[in-house]
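Reader: I am new to this structure and would like to understand the words used to describe it. Could you show it to me, and then explain what each term rests on?

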Amino acid sequence: KNGEKMKKNIIVIFPIILSVITVAIFFNLSVKPMDTTTNVLGQKETMSQNENSKKNTIGNAAQNNINSKSIGSNTGNSSDESNSSSSGQTTTKDSSTVATTAPANTIKLSFVGDCLCATDENTSYENCFNDVAKAKNPSYFLEKVNSYFLNDDFTIADCENVYSDSKKLKVSDKGQYADPNVRAFWFKSPAKNAKILSAGGIDMVSISNNHINDYGLEGHEDTRKALDAANVKWGEEGKIVYFEKHNFKIAVICVSMYGDYVLPTIQSALKKAEKKSDYQIIYFHGGTEGLHEPESWKVNACHTLLDSGADLIIGDHPHVLQPLEKYKNKTIIYSMGNFIFGGNRHPENRTIIYQHTITLDSNNKVSKETGDIIPCYVYTGDTNNWQPAPIKDKATKKKVLSFMNGKRKSPL
């Protein structure tokens, strides 16, 4: 009986035990995959957090690097993060955005100052510019700097002489007829010398300056034709030049600005350019010659033009450098100085190449702008050899950069 009773109990208990075991096995099998999934998701979240942390670190590092290399005084801006550097890099717009997908589109523009590729009408000396141009290949003059221009997108300069082969041209009246003691200059060069610009990588020049009419309207027109033949674009009042890359159009407005009375005319040109372009540059010729500091009227005029919608302002005419300024996060260079200067044997021997890089976001809008200053000599011989070249000496470069940053009175 006891055996039978035990047998019955076993029969009753066994299914219960079997059920418990089955449930336990099922529970085990169910729990393990859930744990695995949780761990994988956890790993993905951790990786994502690490990636975000890395991106943030890169972004902060990039921001710190940009700020540490900013140059130019921040007028009209509460921040004071402008520091000169050996590279002379400056940031002009918000640079905190770091691309996390495809590389951003960029456009690099190079600017230089006065390219006076001629000899004065009343000047004659051995190895003057026009004589050297007869003997040298057009590439000679910019061969020490052309690597910057041939590797950018667009290079812009000032053409401060007449190109013409006409023997009939007469010098314009600069007061010399009324007063023989008036000190005036007239610069003309054979038409073929316009190829000096294109051979060196210059894409465009402004002819809005005080020497384009040295030989009257005919000389003016001859210069246009010579530049066209050399495949160099030219701009002046009434002729805005447009460049385009990545479906992004840039307008270059070339003007003479010897006083603020011309502001309404420039503002009108700016409005016209805004309708046809995404970005507007004013390249102006004006101010007092020989000054390393811009006059107050010129500073105010440039501020007004930026407030009117201009994105970048580049100036020349003083024949010497004047500093860079950051105004409301936009860049002004008040004078680029001479670059190629055929005017005399000993011009002030400091100049710069300014490279301005525009970065576009995925919507083809400007997301960042940076600028690099390359300090240069106007000439590299004991006297003017008409060959600008980058400055290699660190101490000399530093002086130029400090001056452009407003920390020195002179670049010399």
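Author: In this predicted model, 48% of the 412 residues of the protein chain count as buried. The protein chain has eight helices and 19 strands, and 72% of its contacts with a separation of 6 or more are accounted for by residues 24 or more positions apart.

Reader: What makes His-319 buried or exposed?

Author: The relative accessible area of His-319 is 14%, and buried means under 20%, so His-319 is buried. His-319 lies in the loop between β13 (312-316) and β14, and its phi is positive, at about 70°, although it is not a glycine.

Reader: Why is Asn-329 called partly exposed?

Author: Partly exposed covers what is neither under 20% nor over 50%, and because Asn-329 has a relative accessibility of 31%, it counts as partly exposed. Asn-329 sits in the loop between β14 and β15, and it too is a residue other than glycine with a positive phi, near 70°.

Reader: How do you know that strand β14 is largely enclosed by the rest of the structure?

Author: The strand β14 covers residues 321-327, and seven of its seven residues are buried, so it is largely enclosed by the rest of the structure. Six bridges pair β14 in the antiparallel sense with strand β15 (residues 330-336), and among the partners Lys-326 is bridged to Thr-331 in β15. Two residues lie between the strands of this hairpin, where Lys-328 takes a positive phi near 50°.

Reader: What makes strand β11 mostly covered, and which strands pair with it?

Author: Strand β11 (residues 248-256) is described as mostly covered on the count that eight of its nine residues are buried. Strand β10 (residues 241-245) runs antiparallel to β11 and is joined to it by five bridges, with Val-241 standing opposite Val-252 in β11. In the hairpin of β10 and β11, which has two residues between the strands, His-246 has a positive phi near 55°. With strand β12 (residues 279-285), β11 pairs in the parallel sense over seven bridges, and there Cys-254 has Tyr-283 of β12 as its bridge partner.

Reader: Why are helices α6 and α7 called roughly parallel?

Author: Two packed helices are described by the angle between their axes and the distance between the axes. The axes of α6 (residues 263-274) and α7 (residues 296-307) come within 10 Å and cross at roughly 25°. Angles under 35 degrees count as roughly parallel, which makes α6 roughly parallel to α7. The crossing of the two helices is right-handed, and the contact is made by Leu-263, Ile-266, Gln-267 and Leu-270 of α6 together with Ala-301, Thr-304 and Leu-305 of α7. By class, this contact of α6 with α7 has five nonpolar residues, two polar residues and no charged ones.

Reader: What makes β4 and β6 edge strands in their sheet?

Author: The open sheet in question has three strands in the order β4-β7-β6, with mixed pairing. Both β4 (119-120) and β6 (162-163) have a single partner strand, so one side of each is left without a neighbour in the sheet, and they stand at its edges.

Reader: How do you know that β6 and β7 count as paired?

Author: Two strands pair if at least two bridges are found between them, and β6 and strand β7 (residues 187-189) have two bridges, in the parallel sense. One of the bridge partnerships is that of Val-162 with Lys-188 in β7.

How values were computed:
Residues numbered from 1 in each chain as written. Predicted model: local features only at pLDDT ≥ 70, side-chain atom pairs only at ≥ 80, totals over all residues. Heavy atoms only, no water. Axes fitted to C-alpha atoms, helices over the stretch in contact; angles between N-to-C directions. Helix = DSSP H or I, 4+ residues; strand = E, 2+ residues; numbered from the N terminus. Parallel < 35°, antiparallel > 145°, perpendicular 65-115°, else oblique. Left-handed = near helix turned anticlockwise from the far one by under 90°. Contact = heavy atoms within 4.5 Å. Nonpolar A, V, L, I, M, F, W, Y, C, P; charged D, E, K, R; others polar. Buried < 20%, exposed > 50% of the residue type's maximum accessible area, 1.4 Å probe, protein only.
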